[in-house]
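This report covers a ligand site and a few backbone and side-chain details. Please keep the sequence and the 3D view open while reading.

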Amino acid sequence: MDFALSEEQTAIFDMAHGFGQEAIAPNARQWEAEGTIPKDLWPQLGALGFGGLYVSEEAGGAGLTRLDATLVFEALSMACPSVAAFLSIHNMCARMIDAYGSEDLKGRVLPGAVAMTTVLSYCLTEPGSGSDAAALKTRAEKTNEGYRLTGTKAFISGGGYSDGYVTMVRTGVDGPKGISTVYVEAGSDGLSFGGLEDKMGWKSQPTRQVQFDACPVPHGNLVGTEGDGFKYAMAGLDGGRLNIAACSLGAAQQALTQTLQYMGERQAFGQSIDRFQALQFRLADMETDLQAARIFLRQAAWKLDTGAPDATAFCAMAKKLVTETGSRVADMCLQLHGGYGYLADYGVEKTVRDLRVHQILEGTNEIMRLIVARHLLSR
Ligand SMILES: Cc1cc2nc3c(=O)[nH]c(=O)nc-3n(C[C@H](O)[C@H](O)[C@H](O)COP(=O)(O)OP(=O)(O)OC[C@H]3O[C@@H](n4cnc5c(N)ncnc54)[C@H](O)[C@@H]3O)c2cc1C
């Protein structure tokens with residue numbers, strides 16, 4: 001068993017970290033205030049190979065493993081979890097098209113997606129169905145040319161901003177077997193967006209409802225086989241959960257690094273606060289928790305890469321464990337900054353706000369527990 005990163009993996013991490021610190025971190029607060037990420041950032045990430053991290057090399061992607069991808073998200077999240085998480089969603093969509101799309105669809109969508117001149121959103125949640133995603137109601141009625149979509153998707157990251165929407169729709173019976181996946185291009189007739197959601201964190205990412213009003217989608221934009229869409233959506237989420245966990249990990253580790261520096265500078269009772277043993281013990285606990293989370297996350301990624309039968313349960317456990325650890329550590333870092341932690345200038349409060357949603361999306365952490373419990377009970 002070898003726990004070391006290879007030279008290539010270290011280089012991937014360093015490249016993502018370097019780009020994040022140079023091109024993202026100095027702008028993260030401004031993008032948060034503006035409520036948007038400048039579109040010209042994405043082709044720069046595309047040029048690094050981050051637009052199709054685990055899109056196959058034949059389709060122009062980087063063909064990396066899931067473990068490699070977690071390194072990219074951990075490193076980028078040290079600059080800004082909101083930007084890193086948006087890239088994760090895009091990659092999840094690109095991979096779904098690569099894995100299940102027809103050659104024609106791949107040829108039309110993937111070159112732009114990999115270069116990130118085309119940014120993709122993932123549309124599963126609806127106003128009436130989140131955790132119970134298989135209850136979705138957006139209908140895709142068959143027409144001579146393909147489908148006509150009617151319904152509303154809720155909480156869509158990149159709604160009204162992205163260039164393409166990988167959308168789960170109902171083409172058949174109630175339940176998971178009646179769901180298909182289609183690719184909807186921005187600018188399609190009958191496609192519109194709700195108002196910008198005012199959120200606690202992830203503020204630089206625009207989140208809106210995505211509305212379909214008799215929106216025509218050509219047959220060629222069906223992803224894979226009709227009726228298999230829910231399977232594709234769930235398969236995409238295994239990797240998405242690892243990425244989100246990696247985003248929590250990187251941002252929390254960054255908060256700890258910042259906190260160490262702050263504690264060395266901040267004086268109280270005639271000494272720097274890092275001299276208080278009670279606080280040193282907190283630092284030790286945080287570092288231990290993050291290191292344990294990192295190993296567990298990488299093991300789950302390895303299981304997904306190697307097609308282990310318990311990979312889905314491990315992805316769920318990793319998502320739960322790492323996102324909860326990340327939030328707890330970020331909150332403690334804020335505490336160790338005292339009142340300054342509560343001020344935007346120090347950046348830690350943004351991390352606390354950004355990480356909170358990682359326990360809610362890509363399946364809530366209650367749903368992660370459900371997946372793990374089912375796995376245990378089925379044995
Ligand atoms: C900022 C943000 C961005 C998002 N981006 C996207 C996106 O890009 N694409 C997309 O499709 N979705 C997106 N989502 C939606 C997200 O995935 C859902 O919010 C999430 O799945 C939870 O669904 P819900 O909000 O309907 O909560 P509900 O499903 O209504 O859950 C409410 C509560 O009940 C609990 N619960 C529900 N069922 C059970 C159960 N069986 N057992 C135990 N507890 C249960 C939940 O854990 C939760 O605590 C985003 C959400 C947010 C906040």
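## Ligand shell

By class, the residues around the ligand divide into nine nonpolar, five polar and three charged. The model is predicted. In it, 17 residues surround the ligand. The closest are Tyr 122, Thr 125, Ser 131, Thr 364 and Glu 366.

The ligand sits in the largest pocket. Three elements give two or more residues each to the shell: strand S1 (120–123), strand S3 (146–157) and helix H11 (365–377). S3 supplies the largest share, with three residues.

## Polar pairs and cover

Which ligand atom lies 2.7 Å from a polar side-chain atom of Glu 366? The partner is an oxygen atom of the ligand. Ligand nitrogen also takes part. A polar side-chain atom of Ser 157 lies 2.8 Å from a nitrogen atom of the ligand. For Phe 155, the backbone provides the atom: one of its N or O atoms is 2.8 Å from a nitrogen atom of the ligand.

On its own, the ligand has 970 Å² of accessible area. The protein covers 65% of that area.

## Phe 155 in strand S3

Phe 155 lies in strand S3, the element with the largest share of the ligand shell. Its phi is positive, at about 60°, although Phe 155 is not a glycine. Most residues other than glycine have a negative phi.

Is Phe 155 buried or exposed? Phe 155 counts as exposed because its relative accessibility is 60%, and the cut-off for exposed is over 50%.

## The loop between S6 and S7

Trp 202 is found in the loop between S6 and S7. Trp 202 also has a positive phi, near 50°, and is a residue other than glycine. Trp 202 has a relative accessible area of 3%, so it is buried; the cut-off for buried is under 20%.

Ser 204 is also placed in the loop between strand S6 (191–193) and strand S7 (207–218). Ser 204 is buried because its relative accessible area is 1%. What does the side chain of Ser 204 contact? It makes a polar contact with the side chain of Ser 82, at 2.7 Å.

## Two positive phi values

Phe 155 has a positive phi of about 60°, and Trp 202 has one near 50°. Their settings can be set side by side. Phe 155 lies in a strand, S3, and is exposed. Trp 202 lies in a loop and is buried.

Conventions: Residues numbered from 1 in each chain as written. Predicted model: local features only at pLDDT ≥ 70, side-chain atom pairs only at ≥ 80, totals over all residues. Heavy atoms only, no water. Near = heavy atom within 4 Å. Polar contact = N/O pair within 3.5 Å; in protein donor to acceptor, adjacent residues only side chain to side chain. Areas by Shrake-Rupley, 256 points an atom, 1.4 Å probe, with all protein chains shown as cover. 1 Å grid on protein atoms, 1.4 Å probe; cavity = no way out; pocket = protein on both sides within 12 Å on 5 of 7 lines; lining within 4 Å. Sits in = over half its atoms within 2 Å of the grid points. Helix = DSSP H or I, 4+ residues; strand = E, 2+ residues; numbered from the N terminus. Nonpolar A, V, L, I, M, F, W, Y, C, P; charged D, E, K, R; others polar. Buried < 20%, exposed > 50% of the residue type's maximum accessible area, 1.4 Å probe, protein only.
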